[in-house]
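This briefing goes through one chain from its overall make-up to a single helix pair and a single strand residue. Please keep the sequence and the model in view while reading.

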Amino acid sequence: MDNRTLLYEGSEWDFNHLRRVHDAIEEIGVGEMGLNVYRNQIEVITSDQMLDAYASFGMPLMYSHWSFGKRYSREALLYRKGAQSLAYELVINSDPCVAYVIEENSMTMQTLVIAHACFGHNHFFKNNYLFRQWTHAERVLDDLAYAKRFIAECEERYGMQAVERTLDAAHALMSQGVSRYAPQRPVRSQDAVLKAESRKSHHEATYNDLWRTLPKPKEDADADDNAEREYDAAALRLPEENLLRFLSLHAPKLKDWQREVLDIVRKTAQYFYPQQQTQLMNEGCATFVHYQIMNRLHQTGQVNEAAMLEFLHMHTAVVTQPDFDDKRFRGLNPYALGFAMMKDIERICQSPEPEDEEWFPEIAGRGDFMGVLRDAWADFRDESFVLQFLSPHLIRKMRLFAVRDASDAPHLSVEAIHDESGYREIRHRLAQQYDLSKRDPEIEVTEADLKGNRRLVLTHRVRDGKTLSSSNCNRVLRHVANLWGYRVRLIEIDADSGQTLNDYDAVALP
């Protein structure tokens, strides 16, 4: 190997090395693999700074809250006792894409991180439809800076205790502070607009205020009450899934600064929502990209065998899938499954077997595996990706099968094995594990009486018998009541039968 072509030798690095490596990786990632990325901004930080980023949702700028300090103390203790290690990198979905690398990393590790974060994650952030739909990458850093400054000003003006109480309630509701569906504005035809204006004009022309003073029969009064409730629900756009947004807009007693705090927390929750739906694909994409780039750097003589051996050691640790009886087992490793599926797509495109041609006729033997992967990275999330691309070959290789573990049964039962129907059942059940609608409770605001007793009603539609923990539910409901300012009721109903399962009630603290 010609040493003059090497990007670096040994483990030491400097900023010139980082620039040379970044440019070489960009030539492969963008020029050869067709990646489409934001501008990159690489920040070198210490391990303490990485722990600090862990504690504050992994964001480069964050407002102050006591929970971040508590989380930092825990993470730092575990790290210093050797109970857990630090991530190799941290990457922010923004434009420019900010990647944090630890200064203690070796040069090979820095090369791996740049390929993984600055090109793998970066490409996924910029191109996946969920991130394009929910994230304004060019505004992320400005929004974080604004949030930090605004909450600091609120603490000075209104007091630490008042701000913390609002933030505590907002943080407790973060999982119910996301919009799961893109907003759709109703399209009104010109005829509909003209008819609505005509009805309004007729009502105004025939209205006589004298009739308002006459007493109404009970039936008419009840009908008016029902109509008024229906009008309130329509005006408030009920049912509403985004609890934080509803409270920030309609809570009667909230001050303007509290509404803004709720909006800040809601936007933070929404920022992370696409990441929750794409962890498998996002990490798989970044791992596949760094694997391809590092091998290409070695093929072109830009890194030597020593660097490749170090890289392979780290890469193997990342994609290792512990067995079910291993102490390290925590379910399926998203790095392992995501990378394995993407390598399997490469195999299907380049060297398909008869089974692959039957299961994947659109891509088997296509050859252009990067084109297939770029399309998948853009158009799928974890659930649909598994449902579409998990192959029988990989199911056998990873020795996957479906087990039923019912609380009312004395034994486990194997319900799907390696046969035609078993492959489809395993793929379906695994995909369901990545479906957030199966994991997060479906809670909506269904009633809000703004003119009477001001009671707020939430409804939880229970699926598969998964009710809320009563103790947690009561604690969180008190936070809702404190923000709303009046009594709050939560009803749990069976999604299939409509039967009421539980009924909770909370009042605001004085």
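A residue is called buried here when its relative accessible area is under 20%. By that criterion, buried residues make up 45% of the 510 residues in this chain, and the model from which the values are computed is a predicted one.

**Overall make-up**
- The chain contains 21 helices and nine strands.
- Among contacts with a separation of 6 or more, 71% are between residues that lie 24 or more positions apart.
- The accessible surface of the chain amounts to about 27900 Å², and carbon and sulfur atoms account for 49% of that surface.

**Packing of helices α14 and α17**
- Helix α14, spanning residues 334-350, packs against helix α17, spanning residues 382-389, at an angle of about 40 degrees and with the two axes 11 Å apart.
- The pair is therefore classed as oblique, because an angle of this kind falls outside the ranges under 35, from 65 to 115 and over 145 degrees.
- The crossing in which α14 passes α17 is left-handed.
- On the α14 side the contact is made by Met 341, Met 342 and Ile 345, while α17 contributes Phe 385, Val 386 and Phe 389.
- Sorted by class, this contact of α14 with α17 comprises six nonpolar residues, with no polar and no charged ones.

**Ile 102 in strand β3**
- Ile 102 belongs to strand β3, which covers residues 97-102, and with a relative accessible area of 6% Ile 102 is buried.
- Although Ile 102 and Ser 47 are 55 residues apart along the chain, their C-alpha atoms are separated by 6.3 Å.

Technical notes:
Residues are numbered from 1 along each chain as its sequence is written. This is a predicted model: local features need pLDDT of at least 70, side-chain atom pairs count only at pLDDT 80 or more; totals for chains, interfaces and linings use all residues. Side-chain values use heavy atoms; hydrogens and water are left out. Helices (H or I, at least four residues) and strands (E, at least two) are DSSP runs, numbered from the N terminus. Buried means under 20% relative accessible area, exposed over 50%, partly exposed in between (1.4 Å probe, protein chains only). Contact means heavy atoms within 4.5 Å. Accessible areas come from the Shrake-Rupley method with a 1.4 Å probe; for residues, only the protein chains shown count as cover. Axes are lines fitted to C-alpha atoms, for helices over the stretch in contact, and angles run from 0 to 180 degrees between N-to-C directions. A crossing is left-handed if the near helix is turned anticlockwise from the far one by less than a right angle, and right-handed if clockwise. Ala, Val, Leu, Ile, Met, Phe, Trp, Tyr, Cys and Pro count as nonpolar, Asp, Glu, Lys and Arg as charged, and the others, Gly among them, as polar.
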